[in-house]
Amino acid sequence: MTTVKFKTNIHCGSCIKSVTPVLNNLDNIDLWKVDLEHDDKILEVTLDDEDKNSVVEAVKSAGFEIEEIQ
């Protein structure tokens, strides 16, 4: 399993409601959460493979900005 963190503009409960079905539909995600308290609104995703691009594309398709951070 791989854990990846992304900087996003998911900043409120409504945003999380919008992105939830998109992320929940990805087969390679085991767990995800957004830290709304962090300045960069960190999305932390645990993947069962190395396909980070599927997460990026899914979040972008929901209308949000996303950028991987180290």
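## Notebook: sheet, helices and core

I began with one pair of residues: F6 has L43 as its bridge partner in strand 3. This is a predicted model, and I read every entry below with that in mind.

**Entry 1. The sheet.** I widened the view from that pair to the two strands. Strand 1 covers residues 2-8 and strand 3 covers residues 42-47. I found 6 bridges between them, and the two run antiparallel. Next I looked up the other partner of strand 1. Strand 4 is joined to strand 1 by 4 bridges, again antiparallel. One pairing on that side is K7 with E67 of strand 4. As background, strands of a sheet pair through backbone hydrogen bonds, either parallel or antiparallel.

Then I asked in what order the strands of the open sheet lie. The order is 2-3-1-4, with 4 strands and antiparallel pairing. Strand 2 (29-35) and strand 4 (66-69) are the edges. Each has a single partner strand, so one side of each has no neighbour in the sheet. I also noted the turn between neighbouring strands: 30° on average, direction ignored.

**Entry 2. Helix 1 on the sheet.** I checked what helix 1 (residues 13-24) packs on. Helix 1 packs on the sheet and touches strand 2 and strand 3. Its direction makes about 165° with that of strand 2.

**Entry 3. Two faces of strand 1.** I sorted the residues of strand 1 by face. T2, V4, F6 and T8 make up the covered face. T3, K5 and K7 make up the uncovered one. F6, where I started, is therefore on the covered face, and K7, the partner of E67, is on the uncovered one.

**Entry 4. T2 and T46.** I stopped at two threonines. T2 sits in strand 1 and T46 in strand 3. Are they buried or exposed? T2 is buried, with a relative accessible area of 18%. T46 is buried as well, at 14%; the cut-off for buried is under 20%.

I then listed contacts, leaving aside neighbours within four places in sequence. T2 is in contact with V45, T46, L47, D49 and E50. With E50 there is a polar contact of 2.9 Å between the side chains. T46 is in contact with M1, T2, T3, N28, I29, D30 and L31.

**Entry 5. The cysteines.** I looked for disulfides and found 0. A disulfide is a covalent bond between the sulfur atoms of two cysteines. Why is C12 not bonded to C15? The sulfur of C12 is 3.4 Å from that of C15, its closest cysteine sulfur, and this is too far for a bond. The cut-off is within 2.5 Å. C15 is likewise in no disulfide, with the sulfur of C12 the nearest to it. I compared their exposure too. C12 is partly exposed, at 24% relative accessibility. C15 is buried, at 8%.

**Entry 6. Helix 2.** I moved to helix 2, residues 52-61. At its start, a side-chain oxygen of D51 reaches to within 3.4 Å of the backbone nitrogen of N53. After the helix comes G63, with a positive phi near 95°. Which residues of helix 2 are buried? They are S54, V55, V56, A58 and V59. Their cover includes strand 1, helix 1, strand 2, strand 3 and strand 4.

**Entry 7. The core.** I looked up the largest nonpolar core and got 19 residues. L23, L43, V55 and V59 have the most contacts inside it. L43 is the bridge partner of F6 from my opening note. Strand 1, helix 1, strand 2, strand 3 and helix 2 each supply at least two residues. Helix 2 gives the largest share, 4 residues. In soluble globular proteins, nonpolar side chains tend to be buried together.

I followed V59 outward. Not counting residues up to four places away in sequence, V59 touches I10, V19, V22, L23, L43, F64, E65 and I66. L23 and L43 are on that list, and both are among the residues with the most core contacts.

**Entry 8. An unusual phi.** Last, I checked the loop between strand 2 and strand 3, where K41 is found. Its phi is near 45°, positive in a residue other than glycine. Most residues other than glycine have a negative phi. K41 counts as buried, at 19% relative accessibility.

Key:
Residues are numbered from 1 along each chain as its sequence is written. This is a predicted model: local features need pLDDT of at least 70, side-chain atom pairs count only at pLDDT 80 or more; totals for chains, interfaces and linings use all residues. Side-chain values use heavy atoms; hydrogens and water are left out. Two strands pair if DSSP finds at least two bridges between them. Axes are lines fitted to C-alpha atoms, for helices over the stretch in contact, and angles run from 0 to 180 degrees between N-to-C directions. Contact means heavy atoms within 4.5 Å. Buried means under 20% relative accessible area, exposed over 50%, partly exposed in between (1.4 Å probe, protein chains only). A polar contact is a pair of N or O atoms within 3.5 Å; within protein, one must be able to donate a hydrogen and the other to accept it, and residues adjacent in sequence count only if both atoms are side-chain atoms. A nonpolar core is a set of buried Ala, Val, Leu, Ile, Met, Phe, Trp, Tyr and Cys residues joined through side-chain atoms within 4.5 Å.
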